[in-house]
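Good morning, colleagues. Please take a moment with the sequence and the structure before I begin.

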Amino acid sequence: MTFKEQILLGIPNTLPQKKPLKEGVNRAPKRKDILTAEEKKLAVKNALRYFPTEWHAELAPEFLQELNDFGRIYMYRFMPEYDMYARSIEEYPAVSQQAASIMLMIQNNLDPAVAQHPEELITYGGNGAVFQNWAQYLLTMQYLATMTDEQTLHMYSGHPMGLFPSHKDAPRVVVTNGMMIPNYSQPDDWEKFNALGVTQYGQMTAGSYMYIGPQGIVHGTTITVMNAFRKKLGSGISPAGKIFLTAGLGGMSGAQPKAGNIAGCITVCAEVNPNAAHKRHQQGWVDEIIEDIDTLVSRLRQAKEAKEVVSIAYVGNVVDVWERFYDEEILVELGSDQTSLHNPWSGGYYPVGLSFEEANDLIRNKPEQFKKHVQETLRRHAAAINKHAERGTYFFDYGNAFLLEASRAGGEVMADNGIDFKYPSYVQDILGPMCFDYGFGPFRWVCTSGNAEDLRKSDQLALKVMREIKAEAPKEIQQQMQDNIRWIEEAEKNKLVVGSQARILYADAEGRAKIAEAFNQAIKTGEISAPIVLGRDHHDVSGTDSPYRETSNIYDGSRYTADMAIQNVIGDSFRGATWVSIHNGGGVGWGEVINGGFGMLLDGTEEADRRLKSMLFYDVNNGIARRSWARNEEALFAIKREMERTPELKVTLPNLVDDELLDSLN
C-alpha cells in the first residue's frame with residue numbers, strides 16, 4: 001500500500017504479524033511496576049478495546065508481556081512500516097488542509113531524528129508523549145485524513161475520542177493531556193493511570209504536536225546564557241574563555257552546547273547516556289566528546305587560556321565534574337542543570353558512582369534503592385554548587401525542578417527565610433523581567449513545504465519586520481529586539497534545523513502579528529510556496545502557570561493558580577487557533593504546572609489574516625495583563641503601552657501600595 005492508503009486505513013483490516021523489537025534503538029526506561037494483578041488485567045482490557053474481538057486471544061498475552069517488560073502497553077505490533085518524518089503538506093491524504101498540517105506536525109514529533117524515544121511515541125523529557133500507543137496514532141491520523149473544516153477532533157490524553165460537528169472558525173483539534181482531578185495528580189498517579197492507558201504526560205510541545213527539535217530551546221537557552229553572562233560579567237564583557245557548566249544532552253537539554261557556542265563561551269555539558277551524547281555530537285550540536293575526567297580538566301585549562309568558544313560533552317556524571325573542578329580550582333562563571341528532574345525516579349536524573357547500565361537495572365528491579373541513590377546524589381550536587389558559588393559562580397535553576405528535588409532530598413538549597421531557594425530560577429532573574437513581562441516569548445513557525453528556500457525567505461521577512469519595529473521601539477525593549485535580530489541573522493549559519501523546516505524567535509504581540517501578516521501575504525503571492533504553521537513553546541508569556549518556572553516572578557501569591565493558562569487556551573480557541581492544547585505537567589513535572597498551547601495554519605487567505613490578528617494579540621496580552629495585576633513593573637509598562645495603541649483593550653490595573661504603610665501595621 002502507498003503511504004496515503006496506509007494513513008486512510010487506520011487500524012489494519014487484518015492482524016499484522018508481531019514484529020521483533022529493533023536493536024540499537026534509544027528506548028524509554030522501564031516504568032515503575034505499580035499496578036496490582038487486577039489492575040494489569042484492566043490495563044490489557046483497556047488496550048484491547050481498540051481491536052476486533054477475534055484478535056483479543058492473540059493480543060492479550062502480548063500486551064500483558066509488554067506491560068510487564070516495559071511498564072506500559074505500546075502495541076509495537078502496530079507500528080507503521082513507512083518512515084516517520086514530516087512530509088510536504090501535499091503528500092498527506094486530507095479533506096482539510098488544516099488537518100493535513102496537524103498530521104505533518106505529529107509526524108515531525110515522532111521523527112527518529114527529532115524524538116528521544118520514537119518507538120515509545122515519546123518526543124522528549126523521558127516521558128513527553130505524543131500518544132500512549134500505536135493504535136491511537138493510527139486512529140488519529142485516519143480521523144485527520146477524513147475530517148472536514150466543519151468538524152473538530154477531540155483528543156483525550158492521546159486517545160482520539162472522535163470527530164464532532166463544529167464550524168470553520170472552530171479549532172480543528174482540541175487536545176488535553178493529563179488533566180487529573182487535583183487530588184490524583186501525584187507522580188505515582190501518573191505511573192498508575194498511564195499504565196492503565198487512560199492518561200499521559202504530554203510535556204509541553206510533545207503532546208500538542210508543536211516540537212521543532214532542539215532549536216526551540218536553543219533560542220531560549222541562548223537568550224538566557226547571554227543575559228546570565230551580562231549579569232555575571234557586566235554589559236559589554238565577552239564571555240569568550242568563560243565556563244558554562246551544566247548537564248543533560250537529551251531532547252531539550254541537548255540544545256545547551258549549541259546555545260553556548262552562539263553565546264560565545266566554553267560549554268561543558270555532562271551526560272550519563274553515551275548514546276545521547278554521541279547523537280548530539282553526530283548532529284553537530286556539540287563540538288567535542290570527552291570520556292575521561294583528567295582529559296576534561298586538561299582540555300578546559302587549554303580552552304580557558306586560549307579564550308576559546310567551544311562546547312564539550314563529558315560522558316559521565318556532572319557531580320563528578322563540579323567536585324573535580326572545585327579541587328582543581330577551575331573557576332566556573334556560569335552554572336545550571338537541565339537533566340529531567342521532573343521525572344527523577346524513572347531515568348530523568350542518574351546517581352553518581354553507578355554506571356548508566358547499573359542505574360537502569362536499579363530502576364527496573366530496586367526502585368527504592370535507586371531513589372535513595374538519587375537523593376544522595378542531589379545532596380552532593382547541591383553541596384558542590386554551594387562551594388563554587390562561594391567562589392563567584394552564578395548558578396541558576398533552569399526550570400527542570402533541580403532546586404525543588406534537591407530541597408526534597410535534604411540538599412542545602414534553601415534561603416535563610418526557609419521559604420525561598422538560595423538560587424534564582426532563570427525566569428525570576430532573566431526571562432521573567434527581561435522578556436515575559438514585556439510580552440516577548442518563543443514564537444515559532446514551520447514551513448509545510450519542507451523546502452529550505454521557504455524557510456530562508458521567512459527568515460528574511462521576519463528580519464525585515466523586526467528591524468522596522470526596532471527603529472521605533474522604546475528603549476525598554478531595544479536589547480530584546482537586537483538579540484533576536486542577531487539570532488535570525490545567524491540562524492542559517494548555526495544549522496538549527498532538525499526535522500521540519502522550522503524557526504523560532506522571541507517576539508511580542510506586535511512582532512508576532514506583523515511577522516505572521518508578512519508570511520500570510522507571501523503565501524498569497526506565491527513568494528512562499530506553501531502554508532506555514534504558527535505556534536509557540538508553551539513556555540511563554542501567557543501559556544503556562546508554573547510556580548517554579550514560568551510564573552516564578554509573580555509575587556502577589558497567585559503563582560500557584562492556573563487561571564491564566566486555562567483562560568489562554570479558551571481564549572485562543574474562539575479567536576482562530578487551528579488547534580489548542582492544555583496539559584498537566586511539562587518541564588517541572590506532573591502536578592507542578594498547567595500549560596497551554598496552540599497551532600495556527602497560515603494559508604494566504606483573508607480569513608487567516610483575520611484570525612492571526614485576533615488570536616496572537618490575545619495570546620500575548622492575556623499574560624501581560626495577569627503579570628501587570630501582580631504589580632510587575634515591566635508588565636505595567638507593556639500593558640499601558642498596549643492600551644494606548646489599542647483603545648478596545650481595557651485592563652484592570654493595580655493601585656500600588658506604599659510598603660511603609662504596611663510596615664506600620666506591625
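How many disulfides does the count come to? The model before you is a predicted one, and in it the count comes to 0 disulfides. Take C435 as a case: the nearest cysteine sulfur belongs to C265 and is 18 Å away. A disulfide needs two cysteine sulfur atoms within 2.5 Å, so a cysteine with no partner inside that limit is not counted. C435 is accordingly in no disulfide. As to its surroundings, C435 is buried, at a relative accessible area of 5%. Another cysteine, C447, is also buried, with a relative accessible area of 3%.

Let me turn to helix packing, beginning with helix 11, residues 318-327, and helix 13, residues 367-390. At what angle do their axes cross? The crossing is at roughly 30 degrees, and the axes come within 9 Å. Because angles under 35 degrees count as roughly parallel, helix 11 is described as roughly parallel to helix 13. The handedness of this crossing is left-handed.

Which residues make the contact? Helix 11 contributes V318, V319, D320, W322, E323, F325 and Y326. From helix 13 come T377, R380, H381, A384, I385, K387 and H388. By residue class, the contact of helix 11 with helix 13 holds 7 nonpolar, 3 polar and 4 charged residues.

One of the residues in that list deserves a closer look, namely H388 of helix 13. Is H388 buried or exposed? H388 has a relative accessible area of 1% and is therefore buried, the limit being under 20%. Setting aside neighbours within four places in sequence, H388 is in contact with W322, F325, Y326, I330, V332 and T393. Among these, W322, F325 and Y326 belong to the helix 11 side of the contact just described.

Helix 13 also holds E376. At 32% relative accessibility, E376 counts as partly exposed. For a sense of distance, E376 and Y92 are 284 residues apart in sequence, and their C-alpha atoms are 50 Å apart in space.

The second helix pair is helix 18, residues 509-525, with helix 20, residues 606-629. What is the angle at which they pack? It is about 160 degrees, with the two axes 9 Å apart. Since angles over 145 degrees count as roughly antiparallel, helix 18 is roughly antiparallel to helix 20. Helix 18 passes helix 20 in a right-handed crossing.

On the helix 18 side, the residues are A509, R512, A513, A516, E517 and N520. They meet A608, D609, L612, K613, L616, F617, D619, V620 and N621 of helix 20. The contact of helix 18 with helix 20 divides into 8 nonpolar, 2 polar and 5 charged residues.

I now come to the backbone. Most residues other than glycine have a negative phi. Against that background, what is the phi of L121? The value is near 60 degrees, positive in a residue that is not glycine. L121 sits in the loop between helix 4 (97-110) and strand 1 (122-124). The relative accessible area of L121 is 0%, and L121 is buried.

K495 is a further case of a non-glycine residue with positive phi, here about 50 degrees. Where does K495 lie? The loop between helix 17 (478-491) and strand 13 (502-507) contains K495. With a relative accessible area of 66%, K495 is exposed, whereas L121 is buried.

Two residues remain. F164 has its place in strand 4, residues 159-165. F164 counts as partly exposed, at 40% relative accessibility. Apart from neighbours within four places in sequence, F164 is in contact with E150, Q151, T152 and H154. F164 and E453 are separated by 289 residues in sequence and by 38 Å in space, C-alpha to C-alpha.

Finally, T652 is found in the loop between helix 21 (633-645) and helix 22 (659-664). Is T652 buried or exposed? At 58% relative accessibility, T652 counts as exposed. From P239, T652 is 413 residues away in sequence and 42 Å away in space, C-alpha to C-alpha.

To close, I return to the helix pairs: helix 11 and helix 13 are roughly parallel, while helix 18 and helix 20 are roughly antiparallel. Thank you for your attention.

Terms used. Residues are numbered from 1 along each chain as its sequence is written. This is a predicted model: local features need pLDDT of at least 70, side-chain atom pairs count only at pLDDT 80 or more; totals for chains, interfaces and linings use all residues. Side-chain values use heavy atoms; hydrogens and water are left out. Buried means under 20% relative accessible area, exposed over 50%, partly exposed in between (1.4 Å probe, protein chains only). Axes are lines fitted to C-alpha atoms, for helices over the stretch in contact, and angles run from 0 to 180 degrees between N-to-C directions. Helices (H or I, at least four residues) and strands (E, at least two) are DSSP runs, numbered from the N terminus. Angles under 35 degrees count as roughly parallel, over 145 as roughly antiparallel, 65 to 115 as roughly perpendicular and the rest as oblique. A crossing is left-handed if the near helix is turned anticlockwise from the far one by less than a right angle, and right-handed if clockwise. Contact means heavy atoms within 4.5 Å. Ala, Val, Leu, Ile, Met, Phe, Trp, Tyr, Cys and Pro count as nonpolar, Asp, Glu, Lys and Arg as charged, and the others, Gly among them, as polar.
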